[in-house]
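The following exercises are meant to be worked through with the sequence and the 3D structure at hand. Each task is followed by a solution in steps.

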Amino acid sequence: MHSDLREIPNFTHMKILTAKQTRELDAYTIEHEPITSIDLMERASTMFVNWFTERYPNQKRYIRIICGMGNNGGDGLAVARLLHEKGYPVRVNICRFSERGSDDFELNLARIQSIENLEITDIYPDHPLPEIDPGEILIDAIFGSGLNRPVSGFWAGLLDYINGQASAIISIDIPSGLFADQPSTGTTIHAHRTLTFELPKLAFLFPENQDKVGEWEYRSIGLSAKFQEELESTHFFVDESLVRSYCHKRHKFDHKGTFGHALLIAGSYGKVGAAILSAKAALRSGLGLLTIHSPRCAYEILQISVPEAMVSIDRHRHFVSEWPEPGKYQAIGIGPGIDQKKTTVDAILGFIEAAQQPIVIDADGLNILSQNKEFIPRLPASSILTPHPKEFERLFGKTNNSFDRLALQRQLAQEHGIIIVLKGAHTCIALPNGHCYFNSTGNPGMATGGSGDVLTGIITGLLAQQYRPEQAAILGVYLHGLAGDLAAAELEHHSLIAGDLINYLGKAFMQLCER
């Protein structure tokens with residue numbers, strides 16, 4: 001059942017690197033740009049200061065920068081000097097882990113020690129902690145991504161003390177105590193904002209770290225693009241340049257047959273709305289023809305609500321109990337609102353056996369699979385499953401944390417030759433080739449009933465238009481989130497409903513594909 005997916009060229013991808021690879025990238029840049037390590041630190045610190053001053057202009061409150069003695073602390077000392085030069089009131093605390101810090105830390109310490117009116121105070125183990133005035137802005141530069149063990153003891157107490165202050169906390173590169181590429185078990189800073197350098201870090205993409213990272217952004221500091229291409233990674237961050245390269249251009253003599261015919265098996269008594277949402281989304285994705293297979297109770301509703309679609313009527317009045325011949329459709333979507341009655345279960349499992357082309361499966365389709373797991377290996381190659389975390393758990397079992405769940409998701413996509421779209425704030429798309437793509441669009445307003453039905457329709461519609469399955473999944477998720485972002489910009493997060501995603505899908509295409 002494994003598909004013969006062509007590789008997407010890696011040079012167009014934004015890789016998510018391990019902490020070790022990031023250190024290698026730094027070292028390569030220093031050697032081959034060439035640039036000294038202290039000057040690369042200055043570049044990163046300047047980038048942070050420019051970002052910081054955009055968000056906190058003309059501050060009269062003290063900026064307290066709490067530094068460790070490694071290179072993250074060196075960044076903090078350089079930031080202190082640069083902010084002082086811009087007229088910001090700055091205080092510095094240095095956490096004295098040892099007698100001497102890294103070479104670049106010591107160089108930056110020497111640079112600031114001669115500055116007048118810049119208060120520098122050391123923090124020693126088992127000594128009183130510094131008094132922090134209410135409202136001070138705290139910049140965390142204590143432990144960087146080179147941390148190799150959980151923070152405990154006195155220094156864990158310091159992190160807890162910082163977290164307890166009535167202050168905004170901003171972390172340089174990574175919140176202290178957080179591991180970039182594995183679960184974090186010790187005490188961590190709970191930052192309100194984090195600016196990370198060059199590339200996103202894997203830990204930032206998982207829900208258990210949301211309160212530790214806060215709102216995060218990444219900015220390039222000019223590390224070697226050549227070496228980034230050479231580094232091996234199975235994790236990627238989906239940005240606009242990647243998905244724009246997928247967009248199909250339309251030509252003057254194209255016609256509805258050019259853009260494919262999709263089948264959507266959806267709806268049941270009381271859940272026809274799911275079929276409508278999914279169908280409208282499929283049509284808005286650029287699909288040429290759509291047939292909806294639904295029970296008889298949905299006929300009039302669908303004909304009125306989605307006049308652009310054809311309707312295939314099941315013999316059962318309230319539930320799907322049979323299926324159309326799958327061969328004439330370029331793509332098939334199953335699941336929105338179909339319920340889990342026995343007649344429907346039998347029909348869906350039979351359809352899976354009969355289909356040869358990839359199937360997009362969501363909602364009750366996934367619940368049916370979770371109760372009949374022996375059918376997962378029988379799915380057509382490159383089928384696309386779109387579970388939310390609970391559906392994933394029902395399908396594949398519980399895991400201890402997001403890192404373990406990612407490993408399982410990746411393993412199962414490879415093992416079964418399918419694409420698993422695990423929905424969330426950074427939806428992860430795992431491909432049969434072992435690559436995992438994290439989405440960068442979307443917002444909390446999209447956490448509303450019917451949003452998943454819209455995604456099913458979008459991906460099914462793209463698949464029918466001859467997008468490769470991996471492209472349909474990645475582009476579909478990105479467009480879905482982008483439509484949500486455009487809708488939220490005008491309507492605000494709290495008031496978003498699933499229908500808004502469909503209404504803004506055209507603007508999402510315009511922003512992405514019409515440039």
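Two residues are in contact when heavy atoms of theirs lie within 4.5 Å. The structure shown is a predicted model.

**Exercise 1.** Describe the surroundings of A141 and determine whether A141 is buried or exposed.

*Solution.* Step 1: locate the residue. A141 belongs to strand β5.

Step 2: apply the cut-off. Buried means under 20% relative accessible area. A141 has a relative accessible area of 0%, and therefore A141 is buried.

Step 3: list the neighbours. Leaving aside residues up to four places away in sequence, A141 touches I66, C67, G68, N72, G73, G76 and I172.

Step 4: compare sequence with space. A141 and L431 are separated by 290 residues in sequence, and their C-alpha atoms are 37 Å apart.

**Exercise 2.** Carry out the analysis for T196, and state which backbone oxygen its side chain reaches.

*Solution.* Step 1: T196 is part of strand β7, which covers residues 193-197.

Step 2: the relative accessibility of T196 is 0%, so T196 counts as buried.

Step 3: the side chain of T196 reaches the backbone oxygen of D173 at 2.8 Å.

Step 4: D173 also appears among the residues that T196 touches; beyond four places in sequence these are D173, K201, F204, E217, Y218 and R219.

**Exercise 3.** Determine how helices α3 and α4 are arranged relative to each other, and which residues make the contact.

*Solution.* Step 1: helix α3 spans residues 71-85 and helix α4 spans residues 103-113; their axes are 8 Å apart, at an angle of about 20°.

Step 2: angles under 35 degrees count as roughly parallel. The helices α3 and α4 are therefore roughly parallel to each other.

Step 3: the crossing of α3 and α4 is left-handed.

Step 4: on the α3 side the contact is made by N71, G73, G74, L77, A78 and R81, and on the α4 side by D104, F105, N108, L109, R111 and I112. Sorted by class, the residues of this contact are five nonpolar, four polar and three charged.

**Exercise 4.** Helix α4 also meets α2. Work out the relation between α2 and α4.

*Solution.* Step 1: helix α2 covers residues 37-55, and the axes of α2 and α4 come within 10 Å and cross at roughly 65°.

Step 2: angles of 65 to 115 degrees count as roughly perpendicular. Therefore α2 and α4 are roughly perpendicular to each other.

Step 3: the crossing of α2 and α4 is right-handed.

Step 4: α2 contributes S37, I38, M41 and E42, which meet D104, L107, N108 and R111 of α4. The classes in this contact are three nonpolar, two polar and three charged residues.

**Exercise 5.** Treat the pair α13 and α14 in the manner of the preceding exercises.

*Solution.* Step 1: helix α13 runs over residues 389-396 and helix α14 over residues 402-416; their axes come within 12 Å and cross at roughly 60°.

Step 2: the helices α13 and α14 are therefore oblique to each other.

Step 3: α13 and α14 make a left-handed crossing.

Step 4: P389, F392 and F396 of α13 and R405, L408, Q409 and L412 of α14 make the contact. By class, the contact of α13 with α14 has five nonpolar, one polar and one charged residues.

**Exercise 6.** Examine the backbone at P34, D126 and D339.

*Solution.* Step 1: recall the background. Most residues other than glycine have a negative phi, and most peptide bonds are trans.

Step 2: E33 and P34 are joined by a cis peptide bond, with omega about -15°. P34 lies in the loop between α1 (19-32) and α2.

Step 3: D126 has a positive phi, near 65°. D126 sits in the loop between β4 (119-123) and β5 (137-141), and D126 counts as exposed because its relative accessibility is 72%.

Step 4: D339 has a positive phi, near 70°. D339 is in the loop between β13 (331-334) and α11 (342-354); at 16% relative accessibility, D339 counts as buried.

**Exercise 7.** Decide whether the loop residue N439 is buried or exposed, and name the residues N439 touches.

*Solution.* Step 1: N439 is in the loop between β18 (436-438) and α15 (451-464).

Step 2: the relative accessibility of N439 is 3%, so N439 counts as buried.

Step 3: not counting residues up to four places away in sequence, N439 touches F237, V238, H426, T427, V477 and Y478.

Definitions and conventions
Residues are numbered from 1 along each chain as its sequence is written. This is a predicted model: local features need pLDDT of at least 70, side-chain atom pairs count only at pLDDT 80 or more; totals for chains, interfaces and linings use all residues. Side-chain values use heavy atoms; hydrogens and water are left out. Helices (H or I, at least four residues) and strands (E, at least two) are DSSP runs, numbered from the N terminus. Buried means under 20% relative accessible area, exposed over 50%, partly exposed in between (1.4 Å probe, protein chains only). A polar contact is a pair of N or O atoms within 3.5 Å; within protein, one must be able to donate a hydrogen and the other to accept it, and residues adjacent in sequence count only if both atoms are side-chain atoms. Axes are lines fitted to C-alpha atoms, for helices over the stretch in contact, and angles run from 0 to 180 degrees between N-to-C directions. Angles under 35 degrees count as roughly parallel, over 145 as roughly antiparallel, 65 to 115 as roughly perpendicular and the rest as oblique. A crossing is left-handed if the near helix is turned anticlockwise from the far one by less than a right angle, and right-handed if clockwise. Ala, Val, Leu, Ile, Met, Phe, Trp, Tyr, Cys and Pro count as nonpolar, Asp, Glu, Lys and Arg as charged, and the others, Gly among them, as polar.
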